[in-house]
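Student: I should like a close look at a single part of this predicted model, namely its nonpolar core and the elements that pack around that core. Please take me through that region in one connected account.

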Amino acid sequence: MTREKDSLRALTVILRASASITKMVKKDMDSYGVNPTEFMVLELLYSKGPQAIQIIGNKVLLASSSITYVIDQLEKKDFVERKQNPTDRRVTLVSLTASGEELMSEIFPQHSSVIQELFQDLTEEELVKLADDIKSIGYKATELNEINE
């Protein structure tokens, strides 16, 4: 019975922590004038360079219709631009504009600092173990979802 109780407690702790973390990260991103999804797209382009729309959708876990909307919003803010892939005209690449690059070079270090503050009470080893443990739980959840489909 202890294993059952401990499992339920662990799930409750993960869900509550996730909600608190999500609220904190959203508040931080809102302070930059972008929502979390827009920030994820900007961060991907900032760190990886121009990407195909389909790749962006896969990386930030959004459906193609949703990612198109997000790209449209970022384009209206002059943070990204679309270009045809010169080697495959069927593929549209998205890249940061000068304004998007400027925004990310300003806000990314600030955001990174907020994230580091969140984990400041953990040692490097604890941080690595935490990430590995949560990743294992995520893989198990994916496996169980596939079995139950």
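Tutor: In this predicted model, the largest nonpolar core has 23 residues, and those touching the most other members are Val41, Leu42, Ile56, Ile67 and Val80. Two or more residues of this core come from each of helix H1 (2-30), helix H2 (36-48), helix H3 (53-59), helix H4 (64-76), strand E3 (88-96) and helix H5 (98-118). The greatest contribution is that of H2, which gives 5 residues.

Isoleucine 56 shows how separate parts of the chain come together. With neighbours within four places in sequence left aside, isoleucine 56 is in contact with Val41, Leu44, Leu45, Gln51, Ile67, Ile71 and Val94. Two of these partners, Ile67 and Ile71, are among the buried residues of H4, and that helix deserves a closer description.

H4 has 13 residues, which at 1.5 Å a residue should span 18 Å; the C-alpha atoms at its ends are 18 Å apart, so the expected and modelled spans agree. The buried residues of H4 are Ile67, Val70, Ile71, Gln73 and Leu74. Because these residues cover an arc of only 160° around the axis, they lie on the same side of H4. The general principle is that an α-helix has 3.6 residues a turn, so residues three or four places apart point the same way. On the face of H4 turned away from the buried side are the exposed residues Ser65, Tyr69 and Lys76. The buried residues, for their part, pack against H2, H3, strand E2 (80-85) and E3. After H4 comes aspartate 78, which has a positive phi, near 65°.

The strands can now be added to this picture. An open sheet of 3 strands is arranged in the order E1-E3-E2, and its pairing is antiparallel. E1 and E2 stand at the edges, each with a single partner strand, so one side of each has no neighbour in the sheet. E2 and E3 pair in the antiparallel sense over 6 bridges, and a hairpin of 2 residues joins E2 to E3. Along this pairing, glutamine 84 stands opposite threonine 92 in E3. E1 and E3 are likewise paired in the antiparallel sense, over 2 bridges.

Glutamine 51 links the sheet to the isoleucine 56 described above. Glutamine 51 belongs to strand E1 (residues 51-52), and its bridge partner in E3 is valine 94. With a relative accessible area of 14%, glutamine 51 falls under the 20% limit and is therefore buried. Its side chain reaches the backbone oxygen of lysine 48 at 3.4 Å, and that of glycine 49 at 3.4 Å. Beyond its neighbours within four places in sequence, glutamine 51 is in contact with Leu44, Leu45, Ile56, Thr92, Leu93 and Val94. Val94 thus appears among the contacts of glutamine 51 and among those of isoleucine 56.

Leucine 122 offers a point of reference elsewhere in the model. Leucine 122 lies in the loop between H5 and helix H6 (124-147) and is partly exposed, with a relative accessible area of 33%. Its contacts, with neighbours within four places in sequence left aside, are Leu127 and Leu130. The C-alpha atoms of leucine 122 and serine 64 are separated by 37 Å, the two residues being 58 residues apart along the chain.

Terms used. Residues are numbered from 1 along each chain as its sequence is written. This is a predicted model: local features need pLDDT of at least 70, side-chain atom pairs count only at pLDDT 80 or more; totals for chains, interfaces and linings use all residues. Side-chain values use heavy atoms; hydrogens and water are left out. A nonpolar core is a set of buried Ala, Val, Leu, Ile, Met, Phe, Trp, Tyr and Cys residues joined through side-chain atoms within 4.5 Å. Buried means under 20% relative accessible area, exposed over 50%, partly exposed in between (1.4 Å probe, protein chains only). Helices (H or I, at least four residues) and strands (E, at least two) are DSSP runs, numbered from the N terminus. Contact means heavy atoms within 4.5 Å. The expected span of a helix is 1.5 Å times one less than its number of residues. The arc is that of the directions from the helix axis to the C-beta atoms. Two strands pair if DSSP finds at least two bridges between them. A polar contact is a pair of N or O atoms within 3.5 Å; within protein, one must be able to donate a hydrogen and the other to accept it, and residues adjacent in sequence count only if both atoms are side-chain atoms.
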